[in-house]
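Work through these exercises with the model open in front of you. Try each task before you read its solution.

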Amino acid sequence: MAEASAGAVELQRRAIERALARGGAAAVREGRYAGTYRVLSGSRDDAWHDVATDGVRWHCSCESRHRPACWHRAAVYLFRLEGAGLRVVGAGRRDARAT
Ligand SMILES: [Zn+2]
């Protein structure tokens, strides 16, 4: 189980990197209901993916929805962090977390 968990964490890390490369939280719009969001598709200009979360479980309408992570969910994750007052920027500043 630990190996599977580590794999999921790695997938999530990569998804966050992809989300940052696509504008991060800026790609996200809040949905009609609490905990629902829309993310502009990276591949089709007119397509949106629906993401829903209660903070624990995450669902996305995209073709990667059965995988542990996709960049739409990662973008919403970043959006929610920014909503909580945290600013997330791209990789390459690993010195920032060394304290
Ligand atoms: Zn997705």
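The exercises below go from the overall layout to single residues.

**Exercise 1. Lay out the chain.**
Find how many helices and strands the protein chain has, and in which order they run.

*Solution.*
- Step 1. Keep in mind that this is a predicted model.
- Step 2. Count the elements: the protein chain has 2 helices and 4 strands.
- Step 3. Read from the N terminus on: the order is α-β-β-β-β-α.

**Exercise 2. Build the sheet.**
Work out the order of the strands in the sheet and which of them stand at the edges.

*Solution.*
- Step 1. Start with strand 1 (28-30). Strand 1 pairs with strand 2 over 3 bridges, in the antiparallel sense. Arg-29 has Arg-38 in strand 2 as its bridge partner.
- Step 2. Move on to strand 2 (residues 36-40) and strand 3 (residues 48-53): they run antiparallel and are joined by 5 bridges. Here Thr-36 is matched with Ala-52 in strand 3.
- Step 3. Add strand 4 (residues 58-60). Its link to strand 3 is antiparallel too, with 3 bridges. Val-51 lies opposite Cys-60 of strand 4.
- Step 4. Put the pairs together. The 4 strands make an open sheet in the order 1-2-3-4, with antiparallel pairing.
- Step 5. Look for the edges. Strand 1 and strand 4 each have a single partner strand, so one side of each has no neighbour in the sheet.
- Step 6. Check the twist. On average, neighbouring strands of this sheet are turned by 25° against each other, direction ignored.

**Exercise 3. Inspect a hairpin.**
Find which residue takes a positive phi in the hairpin of strand 3 and strand 4.

*Solution.*
- Step 1. Locate the connection: this hairpin has 4 residues between the strands.
- Step 2. Check phi there. Gly-55 has a positive value, near 95°.

**Exercise 4. Find the core.**
Say what supplies the largest nonpolar core, and which element gives the most.

*Solution.*
- Step 1. Recall a general trend: in soluble globular proteins, nonpolar side chains tend to be buried together.
- Step 2. Size up the core here. The largest nonpolar core has 18 residues, and Ala-74, Ala-75 and Val-76 have the most contacts inside it.
- Step 3. Trace the suppliers. Helix 1 (2-21), strand 2 and helix 2 (71-83) each bring at least two residues to this core. Helix 2 gives the most, with 7 residues.
- Step 4. Zoom in on Val-76. Beyond its neighbours within four places in sequence, Val-76 is in contact with Val-28, Tyr-37, Val-39, Val-51 and Thr-53.
- Step 5. Step back to the protein chain. Of its 99 residues, 22% are buried.

**Exercise 5. Classify a loop residue.**
Is Ala-34 buried or exposed?

*Solution.*
- Step 1. Place the residue: Ala-34 is in the loop between strand 1 and strand 2.
- Step 2. Count the surroundings. Ala-34 has 8 other C-beta atoms within 10 Å.
- Step 3. Apply the cut-off: a residue is exposed if the count is 12 or fewer. Ala-34 is therefore exposed.
- Step 4. Compare sequence with space. Ala-34 and Asp-54 are 20 residues apart in sequence, and their C-alpha atoms are 8.8 Å apart.

**Exercise 6. Judge the confidence.**
Where does pLDDT stay under 50?

*Solution.*
- Step 1. Take the average: mean pLDDT is 85 for the protein chain, and 82% of its residues reach 70 or more.
- Step 2. Sort the elements. Strand 1 has the highest mean pLDDT (96), and helix 1 the lowest (84).
- Step 3. Go to residues 95-99. There pLDDT stays under 50, and the model has 0 contacts beyond four places in sequence.
- Step 4. Draw the lesson: where pLDDT is low, the predicted coordinates should not be read in detail.

Conventions:
Residues numbered from 1 in each chain as written. Predicted model: local features only at pLDDT ≥ 70, side-chain atom pairs only at ≥ 80, totals over all residues. Pairing = 2+ DSSP bridges. Core = buried A, V, L, I, M, F, W, Y, C linked by C-beta atoms within 7 Å. Buried ≥ 20, exposed ≤ 12 C-beta atoms within 10 Å, placed from the backbone. Contact = placed C-beta atoms within 7 Å. Axes fitted to C-alpha atoms, helices over the stretch in contact; angles between N-to-C directions. pLDDT = per-residue confidence, 0-100.
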